[in-house]
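Please open the model in a viewer with residue selection enabled. The tour below proposes one selection at a time and describes what is found there.

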Amino acid sequence: MEQQLIDLLMYTIPALVTGAIAYMFFKEHTENENNRRNFLITKDLQKEAFPIRLQAYERMSLFLERIAPSKLLTRVNPTSSNKEDYENLLIATIEQEFEHNLSQQIYVSDQCWNIIIAAKNATIQLIRKSTMNDKTDTANKLREVILTELMDKSSPSKAALSFIKEEVGELW
């Protein structure tokens, strides 16, 4: 009886070891194939999405350039001498530009999008703050006050553009 049990174990143990090795081999092979397929799919998606992402960064750079106060003030002329009307026109122009590029947020990182929003809001805040200045009494004076304030410090758009350039550099 003992001899039969030993014989049975001598046949069973190698079969179990061979079966376990075969199972591990096929499991590893299947996982490698799945990873390879996922890699190829991701690679193809990135190949198609990369130009779209770059275009989104380009559009957001253009947006930031267009709302930079120095460029905005030269592009958008006052319709009257009323500073509040000019303030509203400038803010409406910024908001319109922003809404035109709103869909680009799905192609840029969340951090980049938040910095772009912060630059937009800081530019609007700069315009509002300059309008409340006691020295500002006309639309042309508002333009001067905004430009004078920007001589001491850089525009919010400049910092956001630097971040975009850095982020695009990381894509390569």
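The first selection is Ser155, which counts as buried at 16% relative accessibility. The model is a predicted one. Ser155 belongs to the loop between α5 and α6. Display its surroundings: leaving out residues up to four places away in sequence, Ser155 touches Ala68, Pro69 and Leu150.

**Helix α5**

Next, select residues 139-152, which form helix α5. Which residues of this helix are buried? They are Ala139, Leu142, Arg143, Val145, Ile146, Glu149 and Leu150. These residues lie on the same side of α5, because they cover an arc of only 165° around the axis. Turn to the other side of α5, where Met151 and Asp152 are exposed. To view what covers the buried residues of α5, add other helices to the selection, including α2 (69-75), α3 (83-100) and α4 (110-132).

**The nonpolar core**

Now select Leu64, Leu90, Ile116, Ile146 and Ile164 together. Within the largest nonpolar core, which has 32 residues, these five touch the most other members. Each of α1, α2, α3, α4, α5 and α6 (156-171) supplies at least two residues of this core. Centre the view on Leu90. Apart from neighbours within four places in sequence, Leu90 is in contact with Leu72, Leu73, Val76, Ile127 and Ile146. Ile146 is also one of the buried residues of α5.

**Glu87 and Thr131**

Proceed to Glu87, a residue of helix α3. Is Glu87 buried or exposed? Its relative accessible area is 11%, and Glu87 is therefore buried. Beyond its neighbours within four places in sequence, Glu87 is in contact with Ile127, Arg128, Thr131 and Leu142.

From Glu87, move to its contact Thr131, which is found in helix α4. Thr131 counts as buried, with a relative accessibility of 5%. Neighbours within four places in sequence aside, the contacts of Thr131 are Lys83, Glu87, Thr136 and Leu142. Leu142, a buried residue of α5, thus appears in the contact list of Glu87 and in that of Thr131.

**Helices α1 and α3**

Select helix α1, residues 2-67, together with α3. Two packed helices are described by the angle between their axes and the distance between the axes. Here the angle is about 180° and the axes are 10 Å apart. This makes α1 roughly antiparallel to α3. To inspect the contact, show the side chains of Arg59, Phe63, Arg66 and Ile67 in α1, which meet Ile94, Glu97, Phe98 and His100 in α3. The residues of this contact comprise 4 nonpolar, 1 polar and 3 charged.

**Along α1**

Remain on helix α1 and select Met10, which lies in it. Met10 counts as exposed, at 57% relative accessibility. How far apart are the C-alpha atoms of Met10 and Leu72? A separation of 87 Å is found between them, and the two residues are 62 places apart along the chain. Leu72 is one of the contacts of Leu90 described above.

For the final selection, take Ala22 and return to Thr131. The two are 109 residues apart in sequence, and their C-alpha atoms are 78 Å apart in space.

Key:
Residues numbered from 1 in each chain as written. Predicted model: local features only at pLDDT ≥ 70, side-chain atom pairs only at ≥ 80, totals over all residues. Heavy atoms only, no water. Buried < 20%, exposed > 50% of the residue type's maximum accessible area, 1.4 Å probe, protein only. Helix = DSSP H or I, 4+ residues; strand = E, 2+ residues; numbered from the N terminus. Arc of directions from axis to C-beta. Contact = heavy atoms within 4.5 Å. Axes fitted to C-alpha atoms, helices over the stretch in contact; angles between N-to-C directions. Parallel < 35°, antiparallel > 145°, perpendicular 65-115°, else oblique. Nonpolar A, V, L, I, M, F, W, Y, C, P; charged D, E, K, R; others polar. Core = buried A, V, L, I, M, F, W, Y, C linked by side-chain atoms within 4.5 Å.
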